[in-house]
Amino acid sequence: MARNKYDIDETLETPFNFAHFKRALVYVKKYRARIILALTLSAVSAVVSLLAPLITKEAIDTAIPNGDVWYIVILSVLFLLTIVVSVILGNIRQRIMTKAGQMMIYDIRKDLFAHLQDLPFQYYDDRPQGKILVRVVNYVNNVSDMLTNGIINFILEIFNIIFITIFMFALDARLALVIFAGVPVFVAVMIFLKNKQRRAWQQVSNKNSNQTAYLAESINCIRVTQSFARETENLGIFRRLSTAYRKAWMKAVTVNNFVGFSVDNIRAVVDSGLYFIGLLVIGYPAVSLGTIMSMSNYSSRFWQPIINIASLYNNFINTLAYLERIFETMDEPVTVKDSKDAYELPDIKGEVTFKNVTFAYEEGKNILENVSFTVKPGESVALVGPTGAGKTTIVNLISRFYNINDGAVLIDGHDISRVTLNSLRRQMGIMLQDSFIFSGSIENNIRYGKLDASMEEIRAAAKTVCADDFIMGLEKGYQTEMYEGGSQLSGGQKQLVSFARTLISDPKILILDEATSSIDAKTEKELQKGLNELLKGRTSFIIAHRLSTIKNCDKIMYINNKGITEAGTHDELMAKKGDYYKLYTAQSK
Ligand SMILES: Nc1ncnc2c1ncn2[C@@H]1O[C@H](COP(=O)(O)OP(=O)(O)O)[C@@H](O)[C@H]1O
Ligand SMILES: [Mg+2]
């Protein structure tokens with residue numbers, strides 16, 4: 001079976017790279033005060049809760065044997081207090097950290113999103129959307145959890161171990177040593193499991209990412225899936241990806257459980273040792289019953305932080321891998337960007353010149369070679385030619401969606417690579433074959449082209465492009481809410497709405513890339529009047545399959561073999577009896 005993008009695991013196998021961690025601390029630093037506060041609260045709560053076994057010991061060794069009821073009551077109240085105080089402090093800490101974590105998530109996501117918005121078309125061309133989503137959603141969650149709770153818990157557990165050790169040795173050094181005898185065994189187990197555990201969790205996130213990528217693609221193209229009746233096959237693919245995910249998960253859990261299993265066993269052995277040595281070797285009354293009981297209590301408290309640190313360590317390693325993916329996205333070069341000395345493109349008249357332009361999407365595979373032409377302000381130019389010849393490519397280059405490899409694209413004599421993208425694109429109106437409708441009202445969909453447009457302007461624009469009739473026919477007219485992608489509109493209606501959107505932005509250069517392909521011939525004829533209105537005073541590039549649409553353009557360029565093979569008016573090209581003539585006669589038959 002062919003390997004798809006969603007089948008390819010991301011590389012998460014990274015060496016221990018602290019550079020990423022250090023860089024991540026930039027996000028942490030903002031919340032330093034909160035983290036220190038949380039840490040302090042936690043430390044207090046940890047110490048308070050460690051007093052509980054001492055209180056138990058006092059009750060068993062002194063209060064109960066003496067039958068001192070008041071002392072027992074006081075000890076009970078103290079015992080209760082240790083629990084209440086540590087629970088309350090723990091809660092406050094949780095709230096502080098949850099808030100810090102959420103703000104950190106926001107910070108990282110905002111930076112990621114801002115960068116994703118700047119990334120050029122090229123970045124999106126060869127990447128599954130799902131994998132980008134996973135980074136922005138899942139990875140950021142994991143990372144921020146590690147950066148907040150993870151760090152705190154790590155420090156805290158170290159504290160815990162130190163405190164408990166001190167308490168244990170203060171209580172009875174001999175018994176404390178018995179408990180410590182279990183540590184080397186635990187370390188040996190952890191070393192044995194270290195890489196297994198890390199790899200296992202990395203596999204989990206890989207498989208999750210693959211599944212999400214496939215899911216995103218499937219949802220996007222559900223209509224194609226259903227029309228080709230491919231549901232069964234797709235379910236098969238999904239099942240395969242899901243199974244891989246489940247297996248990875250099960251494996252990781254098994255490895256994880258093994259840690260708990262080992263610790264339980266070590267603890268059981270150590271505890272028996274504790275009772276054996278305490279009761280039989282050292283013996284009562286050299287060691288009191290209360291001491292042994294609280295020792296056993298400390299022992300169980302001693303192992304928990306050790307298990308936690310081991311698992312935090314693993315999370316930490318995974319987090320570094322996530323951080324790397326996140327930073328990789330943030331570092332993805334914005335290849336199409338304002339040059340250092342970029343200047344604002346002044347209000348243009350609309351002259352477009354290609355000077356020996358050579359362009360390739362992928363290195364070594366030129367789509368255009370040495371293309372030169374000039375379009376005067378206000379002229380309309382039609383691009384025709386076989387599918388895949390490079391018509392869309394040419395118009396994409398005018399808006400600088402891609403950088404050219406050689407030559408220059410000039411607008412009113414300004415090299416577009418030297419002006420700011422914003423000032424360039426603001427003066428362009430681009431309409432694509434699949435016109436995108438955002439969720440929201442029709443009114444706002446049109447307003448997208450000019451944010452301060454009044455309702456009158458919106459309606460006028462819609463009228464010009466013959467969209468008013470059908471919009472008024474909708475239940476709520478201009479206020480009708482669109483579903484995502486405008487799925488309740490026909491393809492042609494969507495194109496009319498996006499026509500109005502483009503018209504209202506009043507561009508000097510207009511690009512219509514098969515923008516009328518879904519509009520029926522009758523509406524198109526009507527639209528033609530509006531279109532002529534629209535084209536007036538603007539330079540326009542029109543790509544249309546129906547040649548009747550472009551017959552009246554000032555100039556027609558036939559694109560083929562990486563360049564322009566024929567150019568002229570309709571009549572001139574017809575007289576020439578070349579490729580255009582063949583295409584036209586074939587269509588009019
Ligand atoms: N994003 C892309 N990445 C790589 N190759 C592309 C990309 N877009 C288009 N191409 C290739 O460039 C050529 C021209 O495409 P295009 O300009 O879309 O043709 P058309 O004349 O049909 O509009 C085609 O061979 C196509 O395969
Ligand atoms: Mg095209």
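The following questions and answers deal with a predicted model of one protein chain and ligand 1.

Me: Why is the protein chain called more spread out than a compact globule?

Reply: The globule rule gives 25 Å for 589 residues, and the radius of gyration is 35 Å. That value is well over the rule, so the chain counts as more spread out than a compact globule. Its C-alpha atoms fill a box of roughly 120 × 55 × 50 Å along the principal axes. The chain holds 20 helices and 12 strands, and 34% of its residues count as buried.

Me: Why is Asp126 called exposed?

Reply: A residue is exposed if 12 or fewer other C-beta atoms lie within 10 Å of its own. Asp126 has 9 within that distance, so it is exposed. Asp126 sits in the loop between helix 4 (121-125) and helix 5 (129-171).

Me: How far apart are Asp126 and Tyr275 in sequence and in space?

Reply: They are 149 residues apart in sequence, and their C-alpha atoms are 65 Å apart.

Me: What makes strand 9 (residues 509-513) mostly covered?

Reply: Burial takes 20 or more other C-beta atoms within 10 Å. Five of the five residues of strand 9 are buried, and it is therefore called mostly covered.

Me: How do you know which faces of strand 9 are covered?

Reply: In a regular strand, side chains alternate between the two faces of the sheet. On one side of strand 9 are Ile509, Ile511 and Asp513, and on the other are Leu510 and Leu512. All of these are buried, and both faces are covered.

Me: How do you know that strand 6 (residues 428-431) and strand 9 pair?

Reply: Pairing needs at least two bridges. Strand 6 and strand 9 have four, in the parallel sense, so they pair. Met428 stands opposite Ile509 in strand 9.

Me: What joins strand 9 to strand 10 (residues 539-543)?

Reply: Five bridges join them, and the two strands run parallel. Here Ile509 stands opposite Thr539 in strand 10. Ile509 thus has Met428 opposite it as well as Thr539.

Me: Which residues are around ligand 1, and which classes do they belong to?

Reply: Among them are Asp125, Tyr361, Glu362, Gly388, Lys391 and Thr392. By class, the shell has three nonpolar, five polar and three charged residues.

Me: Which helix gives the most to the shell around ligand 1?

Reply: Helix 11 (residues 391-398) does, with three residues.

Methods:
Residues numbered from 1 in each chain as written. Chains lettered and ligands numbered in written order. Predicted model: local features only at pLDDT ≥ 70, side-chain atom pairs only at ≥ 80, totals over all residues. Rg over C-alpha atoms; globule rule 2.2 N^0.38 Å. Near = placed C-beta within 6 Å. Nonpolar A, V, L, I, M, F, W, Y, C, P; charged D, E, K, R; others polar.
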